[in-house]
Amino acid sequence: MRIDLYLHRIRLVKSRTLAQALVAAGHVRIDGKRVGKPSDPIRAGSVIALPLHNRVRIIEVLALPERRGPAGEARRAYREIDEAKPAA
């Protein structure tokens with residue numbers, strides 16, 4: 001699935017256009033590598049880092065949603081990784 005489509009479907013950004021602008025600005029990383037194009041693919045297990053709302057959000061992809069559904073459905077597609085907590 002495309003990174004811009006995924007960010008839109010899990011409701012981290014309001015539109016695909018905003019997701020594309022975020023990626024094009026060079027602010028998004030997938031598995032530690034800077035994303036060059038909004039069409040770069042992601043898969044379940046990928047780790048995405050991006051700046052949102054004055055902080056860096058790091059999320060792990062759990063599922064690739066078929067649609068942009070309700071917020072509860074969107075939250076089940078990813079897991080927030082908290083930088084402050086050590087990895088178990």
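**Close-up 1. Asp-31 sits in the loop between strand 1 (29–30) and strand 2 (33–34).** In this predicted model, Asp-31 has a positive phi of about 50° even though it is not a glycine. Is Asp-31 buried, partly exposed or exposed? With a relative accessibility of 42%, Asp-31 counts as partly exposed.

**Close-up 2. His-53 is found in the loop between strand 3 and strand 4 (55–61).** Here too the residue is not a glycine, yet the phi of His-53 is positive, at about 55°. His-53 counts as exposed, because its relative accessibility is 66%. If you are browsing the backbone for positive phi values, stop at Gly-26 as well: this glycine comes just after helix 2 and has a positive phi of about 85°.

**Close-up 3. Five strands make up an open sheet.** The 5 strands follow the order 2-1-3-4-5, and their pairing is antiparallel. Which strands lie at the edges? They are strand 2 and strand 5, each of which pairs on one side only. Further in, strand 3 and strand 4 run antiparallel and are joined by 6 bridges. To find a place to start along this pair, look for Val-47, whose bridge partner in strand 4 is Glu-60. As a reminder, strands of a sheet pair through backbone hydrogen bonds, either parallel or antiparallel.

**Close-up 4. Helix 2 (residues 16–24) has a buried side and an exposed side.** The buried residues of this helix are Ala-19, Leu-22 and Val-23. They cover an arc of only 95° around the axis, so they lie on the same side of helix 2. Turn to the other side of helix 2 and you will meet Thr-17 and Ala-24, which are exposed. What covers the buried residues of helix 2? The cover includes helix 1 (3–9) and strand 3 (47–52).

**Close-up 5. Leu-7 is a buried residue of helix 1.** Leu-7 counts as buried because its relative accessibility is 0%, the cut-off for buried being under 20%. Setting aside residues up to four places away in sequence, Leu-7 touches Leu-12, Val-13, Ala-19 and Leu-50. One of these contacts, Ala-19, is also among the buried residues of helix 2. For a sense of scale, pick out Gly-32: the C-alpha atoms of Leu-7 and Gly-32 are 17 Å apart in space, and the two residues are 25 apart in sequence.

**Close-up 6. The largest nonpolar core has 20 residues.** Which members touch the most other members? They are Ile-3, Tyr-6, Val-28 and Ile-48. Helix 1, helix 2, strand 3 and strand 4 each supply at least two residues of this core. Ile-3 is a good residue to centre the view on. Neighbours within four places in sequence aside, Ile-3 is in contact with Val-23, Val-28, Ile-30, Val-35, Lys-37, Pro-38, Asp-40, Ile-42 and Ile-48. In soluble globular proteins, nonpolar side chains tend to be buried together.

**Close-up 7. A salt bridge joins Asp-4 and Arg-16.** The closest N and O atoms of Asp-4 and Arg-16 are 3.3 Å apart. This pair links distant parts of the chain, with Asp-4 in helix 1 and Arg-16 in helix 2, 12 residues apart. How do the two partners compare in accessibility? Asp-4 counts as buried, at 0% relative accessibility, whereas Arg-16 is partly exposed, with a relative accessible area of 31%.

**Close-up 8. Arg-79 and Glu-60 form another salt bridge.** Here the closest N and O atoms are 2.5 Å apart. Distant parts of the chain are linked by this pair: Arg-79 belongs to strand 5 (residues 78–80) and Glu-60 to strand 4, 19 residues apart. Arg-79 counts as partly exposed because its relative accessibility is 42%. You may recognise Glu-60 as the bridge partner of Val-47.

**Close-up 9. Arg-67 forms a salt bridge with Glu-73.** In this pair the closest N and O atoms are 2.9 Å apart. Both residues are partly exposed: Arg-67 has a relative accessibility of 47%, and Glu-73 a relative accessible area of 26%. Elsewhere, salt bridges that share partners join Arg-2, Asp-4 and Arg-16 into one network. How many salt bridges are there by this count? The total comes to 5 salt bridges.

Terms used:
Residues are numbered from 1 along each chain as its sequence is written. This is a predicted model: local features need pLDDT of at least 70, side-chain atom pairs count only at pLDDT 80 or more; totals for chains, interfaces and linings use all residues. Side-chain values use heavy atoms; hydrogens and water are left out. Buried means under 20% relative accessible area, exposed over 50%, partly exposed in between (1.4 Å probe, protein chains only). Helices (H or I, at least four residues) and strands (E, at least two) are DSSP runs, numbered from the N terminus. The arc is that of the directions from the helix axis to the C-beta atoms. Contact means heavy atoms within 4.5 Å. A nonpolar core is a set of buried Ala, Val, Leu, Ile, Met, Phe, Trp, Tyr and Cys residues joined through side-chain atoms within 4.5 Å. A salt bridge is a side-chain nitrogen of Lys or Arg within 4 Å of a carboxyl oxygen of Asp or Glu. Two strands pair if DSSP finds at least two bridges between them.
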